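Work through the exercises below with the coordinates open. Try each task before reading its solution.

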Amino acid sequence: MTRDLDALTARTFDVLVVGGGIYGLTIAYDAAQRGLSVGLIERHDFGSGASFNHLRTIHGGLRYLQTLDVSRARESVLERRALVTIAPHTLRPLPFALPLARSLTRGATAMRAGFALDRMIAGDRNHGVLPSHALPAGYVLSKEDALARFPGLDARGLAGAAVWHDYIAAEADRLTLSFALAAAAAGAVLCNYVEADAIVREGQRAVGVRAHDAVTGRALDLAARLIVNATGSRIDALLAPHHSATQLPMLKVMNLVTRRAAADAAVGGRSASGRTLFSVPWHGRALFGTWEADRVYAPDDQRVERDDVAGFIDELNEAFPGLALTRDDVTLVHRGIVPAVAANGHVSLEGHDHVREHGPDGLEGPLSVVGAKYTTARRVAERITDRLLVKLGHPKVLCHTASTPLPGGGVRDLSKTLMAARKVAPPDVSEASLTHLTAAYGSRCHDVLRLCADRPGLAASVGDGSPVIGAELVWAARHEMVVTLADAVIRRTP
C-alpha cells in the first residue's frame, strides 16, 4: 500500500469515500471487493480519530437484551463472529464480570434470563471459529465464587456476578489498518493526509471533491459518480454549504490507559451516577472506560480537559473501591467525538448508525454515514455497498467480507503460526516479540522477520520492555503508508 496522489486524480471513481476511520475503510473494502472503482481520502492517518479511541472490545450485544432489542443483539453476535473469522490473530477471548445486587432488574434472576435468551440468539456464536477462540455461554456466580475469581469486584452489596465472554483486540489498530490493506489489495486507491475542502457539483449533482494534500499543500480535484461521506464527527463540514447538514449532535467519550497492572479479565463496576464502567486488560495495563460527556461538543473539540479527567477518576474510584486511582496513574487519554442523542436537556451516546442520502435536500450523489460502534462497522458497510450498487445501476454482487480473511488473517492455528515464526526469526528475537508479531501480523509476520536477514540490527527491540522490533518500523514505512513518526509508533505498532 503506497501513497499515490496521481492515482487519485487520474480517473473518475465509481465511489469516493471521504474519511478513513473504521466505517470509511470497511466501505471502501466492500465496494472494491464487489468490483467498483474506489478512492478514499483521510485528512489525518487511517483510524486516528474515534476508531483509535475505543475500549478495544468486540462485543456480542448482550447489553441490548436489557431492552429486548433482539435484532441488534443478533447483529452484534454475527459481526463479532465475522471479525474473529477474518482476523483471528488480532483478537483474544476475554471473560467479563459484572457485579450483581439483590435487585429484580440487576440481580441474578434477571441475568440468568438474559443469558438464556443469549444462548438462543447466539447459539451459533462459535460456528466456524477457531477452537482457541470459542466463547462459552454466560453464567452467574455466587458472591463467594465471584470474589475469589474476580477480586476487583465491589464487595459492597454484592450478591454475585454475571460472567460472559467477548473478545479483546490487543492489536486494535492493526485490525483497523487491515481493512485499509484489504481495500488496497482489492484495487481501491487510498491516501492519508488528504483533506476534502468542498464538494464539487454540476447543477443538483455532486461530481467530485476539491481537496488538498496536507503534506505538500498540493490542490487535488477528485472525480466520482458517488461520494460517501464517512467523516465521523465532521459529517456536516462538507454538507453545510449545500444546505444538507444532518445536524446530528456530538458528545465526547473518553477512556483512560493507566500504569496499573492489568488483571486477566475485564471487571465491571457501577458509579454513583449509575454508569457501568469497566477495567479492561490491554498490553499488560488496566484500561478504564467509558466516560461520556453530559453536553454537546463541537466536532473538532478533542481537548483533554483537566476537570473531565478528574471527574472520570472520581467515578472510577466510586465504582471500584480500593482502586485509589490518581491522575499520576494515567498514561494516555483516549478520547473521541461521537454521535449523540439529545432530548429534554439530556445528552447520551447514540448506539445506532445513521445513513442518509441527500437527494431530498437537493444534492444528488453524496451518501453520509456515521456510527458509534466498532463491532458492526463491517455490516453497515455491506448495507451501504448494496445501496451503492443499486444507485450505480451495477449488477448485484454478493458480499464476501464476512468470510474472506483480512491480510494476515489466514491463520488456522495460532500456536502453529508462532512455531513457524520461531523457525524464520533470528535467535535474538525475544519470545515476547514473536508473540506480538504473530498477533499483529498473523500469517504475514514472516514478511517482517525476513527484513532482519539483510539487516540483523532490525531484530532488536526498539526500547526496553517493548516487544516491537526495528523491522516493524521499516515494514510500516515501506508498505503501510506511514507519513509521520506518530503513524509508525502509535498506530502501526503499539
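The exercises that follow use a predicted model.

**Exercise 1. Helix α2**

Task: Compare the span of helix α2 (residues 22–33) with the expected span. Then decide whether α2 is largely enclosed or open.

Solution.
- Step 1. The expected span is 1.5 Å times one less than the number of residues. For the 12 residues of α2 this gives 16 Å.
- Step 2. The end C-alpha atoms of α2 are 16 Å apart, so the span agrees with the expectation.
- Step 3. Buried means under 20% relative accessible area. In α2, 11 of the 12 residues are buried, so the helix is largely enclosed by the rest of the structure.
- Step 4. The buried residues include I22, Y23, G24 and L25. T26, I27, A28, Y29, D30, A31 and A32 are buried too.
- Step 5. Look just past the helix. G35 has a positive phi of about 95° there.

**Exercise 2. Strand β2 and its partners**

Task: Sort the residues of strand β2 (residues 38–42) by the way they point. Then find which strands pair with β2.

Solution.
- Step 1. In a regular strand, side chains alternate between the two faces of the sheet.
- Step 2. V38, L40 and E42 point one way from β2. G39 and I41 point the other way.
- Step 3. Five of the five residues are buried, so β2 is largely enclosed by the rest of the structure.
- Step 4. One partner is strand β1 (residues 12–18), which pairs with β2 in the parallel sense over four bridges. Here V18 stands opposite I41.
- Step 5. Another partner is strand β7 (residues 189–192), again parallel and over four bridges. V189 in β7 is the bridge partner of G39.
- Step 6. Bring the helix back in. β1, α2 and β2 make a right-handed β-α-β unit.

**Exercise 3. Aromatic pairs**

Task: Count the aromatic pairs, with ring centres within 6.5 Å as the cut-off. Then classify the pair of F96 and F278 and that of W164 and F278.

Solution.
- Step 1. The count comes to five aromatic pairs.
- Step 2. F96 and F278 are 5.8 Å apart, centre to centre, with 70° between the planes. That pair is edge-to-face.
- Step 3. The pair links distant parts of the chain. F96 is in strand β4 (residues 92–100) and F278 in strand β13 (residues 276–282), 182 residues apart.
- Step 4. The ring centres of W164 and F278 lie 6.3 Å apart. Their planes are at 85°, so this pair is edge-to-face.
- Step 5. This pair also links distant parts of the chain: W164 is in strand β6 (residues 160–168), 114 residues from F278.
- Step 6. Ring pairs link F96, W164 and F278 into a cluster.
- Step 7. Check burial. F96 is buried. W164 has a relative accessible area of 12% and is buried. F278 is buried at 14%.

**Exercise 4. Arginines**

Task: Which rings do R72 and R295 lie over? Which side chains make polar contacts with R491?

Solution.
- Step 1. R72 lies over the face of Y64, at 4.0 Å from the ring centre.
- Step 2. R295 lies over the face of Y297, at 3.9 Å from the ring centre.
- Step 3. Move to helix α13 (residues 485–492), where R491 is found. With 11% relative accessibility, R491 counts as buried.
- Step 4. The R491 side chain makes a polar contact with the side chain of D45 at 2.7 Å. It makes another with the side chain of D487, also at 2.7 Å.

**Exercise 5. Accessibility and distance**

Task: Place R63 and D6 in the secondary structure. Are they buried, partly exposed or exposed?

Solution.
- Step 1. R63 is in the loop between β3 (57–58) and α3 (70–86). D6 is in helix α1 (residues 5–9).
- Step 2. R63 has 49% relative accessibility, so it counts as partly exposed. D6, at 46%, also counts as partly exposed.
- Step 3. Take C-alpha distances. R63 and H394 are 331 residues apart along the chain and 38 Å apart in space. D6 and P131 are 125 residues apart in sequence, with 46 Å between their C-alpha atoms.

Methods
Residues are numbered from 1 along each chain as its sequence is written. This is a predicted model: local features need pLDDT of at least 70, side-chain atom pairs count only at pLDDT 80 or more; totals for chains, interfaces and linings use all residues. Side-chain values use heavy atoms; hydrogens and water are left out. Helices (H or I, at least four residues) and strands (E, at least two) are DSSP runs, numbered from the N terminus. Buried means under 20% relative accessible area, exposed over 50%, partly exposed in between (1.4 Å probe, protein chains only). Rings of Phe, Tyr and Trp (its six-membered ring) pair if their centres lie within 6.5 Å; planes under 30 degrees apart count as stacked, over 60 as edge-to-face and the rest as tilted. A charge sits over a ring if NZ of Lys or CZ of Arg is within 6 Å of the ring centre and within 35 degrees of the ring normal. Two strands pair if DSSP finds at least two bridges between them. A crossover is right-handed if, with the strands pointing away from the viewer, the path from the first strand over the helix to the second runs clockwise. A polar contact is a pair of N or O atoms within 3.5 Å; within protein, one must be able to donate a hydrogen and the other to accept it, and residues adjacent in sequence count only if both atoms are side-chain atoms.
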